[in-house]
Amino acid sequence: MNELRTYLGELSVNDQAAFARRVGTSIGYLRKAMSVGQTLGEKLCNLIERESGGAVSRKCLRPNDWQDIWPDL
């Protein structure tokens with residue numbers, strides 16, 4: 001989650017909201033998930049990796065099973 005926190009921190013507030021919309025969620029949800037260490041769903045992890053241009057990887061978001069998450073979910 002540190003990669004996601006860093007990535008979002010480098011974006012403006014408007015860009016954070018736009019990123020969250022592109023991955024199908026809200027910035028509020030992402031912030032809450034980061035604060036409680038929530039495991040994000042497979043589809044969301046794939047979208048985050050794609051929309052961040054690889055800056056936030058599935059491996060970072062799901063370290064225990066990232067290899068089982070295919071990019072086309």
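1. Helices here are DSSP runs of H or I with at least four residues, numbered from the N terminus. In this predicted model, Gly53 comes just after helix α4 and adopts a positive phi of about 65°. A second glycine, Gly24, is placed just after α2 and has a positive phi of about 85°.

2. Helix α2 spans residues 13-22, and its buried residues are Gln16, Ala18, Phe19 and Ala20. These buried positions pack against α1 (2-9), α3 (27-36) and α4 (42-51).

3. Helix α4 has Leu44, Cys45, Asn46, Leu47 and Ile48 as its buried residues. Their cover includes α1, α2, α3 and α5.

4. The largest nonpolar core comprises 18 residues, and the members with the most contacts inside it are Leu4, Leu8, Phe19, Leu30, Leu40, Ile48 and Leu61. Two or more residues of this core are contributed by each of α1, α2, α3 and α4.

5. Phe19 deserves separate mention. With neighbours within four places in sequence set aside, Phe19 is in contact with Leu4, Tyr7, Leu8, Leu11, Leu30, Ile48, Glu51 and Ser52.

6. Ser52 is located in the loop between α4 and α5 (58-61). Is this serine, Ser52, buried or exposed? Ser52 counts as buried because its relative accessibility is 9%, and the cut-off for burial is under 20%. Not counting residues up to four places away in sequence, Ser52 touches Tyr7 and Phe19.

7. The structure contains 5 salt bridges. One of them joins Glu42 to Arg62, with the closest N and O atoms 4.0 Å apart. Glu42 belongs to helix α4 and Arg62 to the segment after α5, so this pair ties together parts that are 20 residues apart in sequence. Glu42 is partly exposed, at 35% relative accessibility, whereas Arg62 is buried, with a relative accessible area of 13%.

8. Arg62 also forms a salt bridge with Asp65, where the closest N and O atoms are 2.5 Å apart. Both partners, Asp65 and Arg62, are buried.

9. Glu49 and Arg58 form a further salt bridge, their closest N and O atoms being 2.4 Å apart. Arg58 counts as buried, at 14% relative accessibility. Elsewhere, Arg22, Arg50 and Glu51 are joined into one network by salt bridges that share partners.

Definitions and conventions:
Residues numbered from 1 in each chain as written. Predicted model: local features only at pLDDT ≥ 70, side-chain atom pairs only at ≥ 80, totals over all residues. Heavy atoms only, no water. Buried < 20%, exposed > 50% of the residue type's maximum accessible area, 1.4 Å probe, protein only. Contact = heavy atoms within 4.5 Å. Core = buried A, V, L, I, M, F, W, Y, C linked by side-chain atoms within 4.5 Å. Salt bridge = Lys/Arg side-chain N within 4 Å of Asp/Glu carboxyl O.
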